[in-house]
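Colleague: I am new to this structure and would like a close look at one part of it. Could you walk me through that part slowly?

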Amino acid sequence: MILDKLAKSTRKRVEEKKKIKSYKEIEREALSLSINQDKSFYEAIRKDGISFICEIKQASPSKGIIAENFPYMDIAIEYEAVGASAISVLTEPEYFKGKDEYLLQISEKVKIPTLRKDFTVDPYQIYEAKLLGASAILLICSLLTLEELKSYNKITKELGLSALIEAHDEEEVKKAIECGGDIIGVNNRNLKDFTVDLTNSIRLRELVPKDILFVSESGIQTPEDIQRLQANNVDAVLIGETFMRSENKKEMIRKLRGDEI
Ligand SMILES: O=P(O)(O)OC[C@@H](O)[C@@H](O)c1c[nH]c2ccccc12
């Protein structure tokens with residue numbers, strides 16, 4: 001399965017990084033940074049109405065290269081200008097062609113919070129996310145034990161960051177709630193066969209208490225999709241490919257949001 005490969009290559013990447021900056025060192029640096037209350041990912045998506053988390057990615061394991069032309073900074077500025085609540089930036093290099101530098105530069109430039117989109121398998125990456133200016137990290141339930149989820153979530157909070165906890169099925173949603181998650185995301189894409197089904201997040205929404213923020217992730221393409229998710233109490237949507245493929249990203253966001261033109 002793709003997740004196993006991703007976890008393996010991520011572990012290797014983190015071990016290489018530890019040779020340059022040790023775990024102790026990065027932990028100390030990250031803990032010494034102040035907490036930016038104005039850039040809370042949680043608060044940004046808690047607002048009334050459905051929030052848009054807009055993603056910046058050049059490639060994906062299911063589609064290969066999505067965007068030949070990749071002016072990531074211009075895209076981030078466009079997302080912010082059109083009212084995105086947060087920006088998700090891929091930093092995984094092998095399958096998504098992400099880079100830490102993209103996240104660092106974007107986080108310095110925009111005022112809205114950023115989410116580090118990577119495969120967290122070591123707390124080292126949480127400290128790193130803080131140093132890269134991220135406001136949130138991703139924790140994928142199927143990659144972590146309940147104990148790991150609890151301890152990673154605690155480290156995230158200590159750093160003043162938010163954790164988006166990603167689940168795919170009932171069991172994982174229970175795990176996400178049990179570890180104390182306050183933002184739970186359900187991926188509509190099945191990572192075993194890459195099929196997309198929006199009913200996955202709609203169905204699982206009912207298992208998550210209303211006071212936990214709920215994000216529907218992947219495969220969202222039309223204003224009807226948004227309306228359907230909103231009608232089913234989804235607090236935020238995470239959209240990548242639909243924006244990355246559109247020439248005019250601002251217009252696409254307005255269209256999905258149903259703005260009067
Ligand atoms: O491009 P899409 O289909 O709109 O999906 C965005 C996002 O949900 C997807 O990139 C994603 C969801 N969970 C992930 C975990 C890791 C990497 C990427 C993802």
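Which phi does glycine 160 take just after helix 8?

Modeller: Happy to help, and please keep in mind that this is a predicted model. Glycine 160, which comes just after helix 8, has a positive phi of about 80°.

Now let us step back into the helix itself. Helix 8 runs over residues 146-158, 13 residues in total. From its first C-alpha to its last, helix 8 reaches 19 Å, close to the 18 Å expected at 1.5 Å a residue. Four names are worth finding on your screen: Leu149, Tyr152, Asn153 and Thr156 are the buried residues of helix 8. If you look down the axis of helix 8, these buried residues fall within an arc of 105°, so they line one face of the helix. The cover over them includes two helices, helix 7 (124-131) and helix 9 (170-178). Strand 6 (136-140) and strand 7 (162-167) are also among the elements that cover these buried residues.

Back to phi for a moment, since a positive value also turns up elsewhere. Lysine 97 has a positive phi of about 55° although it is not a glycine. You will find lysine 97 in the loop between helix 5 (93-96) and helix 6 (100-109). Phenylalanine 194, not a glycine either, has a positive phi of about 65°. Its place is the loop between strand 8 (183-187) and helix 10 (199-205). Phenylalanine 194 counts as partly exposed, because it has 14 C-beta neighbours inside 10 Å. Lysine 97 also counts as partly exposed, with 18 such neighbours inside 10 Å.

Methods: Residues numbered from 1 in each chain as written. Predicted model: local features only at pLDDT ≥ 70, side-chain atom pairs only at ≥ 80, totals over all residues. Expected span 1.5 Å × (residues − 1). Buried ≥ 20, exposed ≤ 12 C-beta atoms within 10 Å, placed from the backbone. Arc of directions from axis to C-beta. Contact = placed C-beta atoms within 7 Å.
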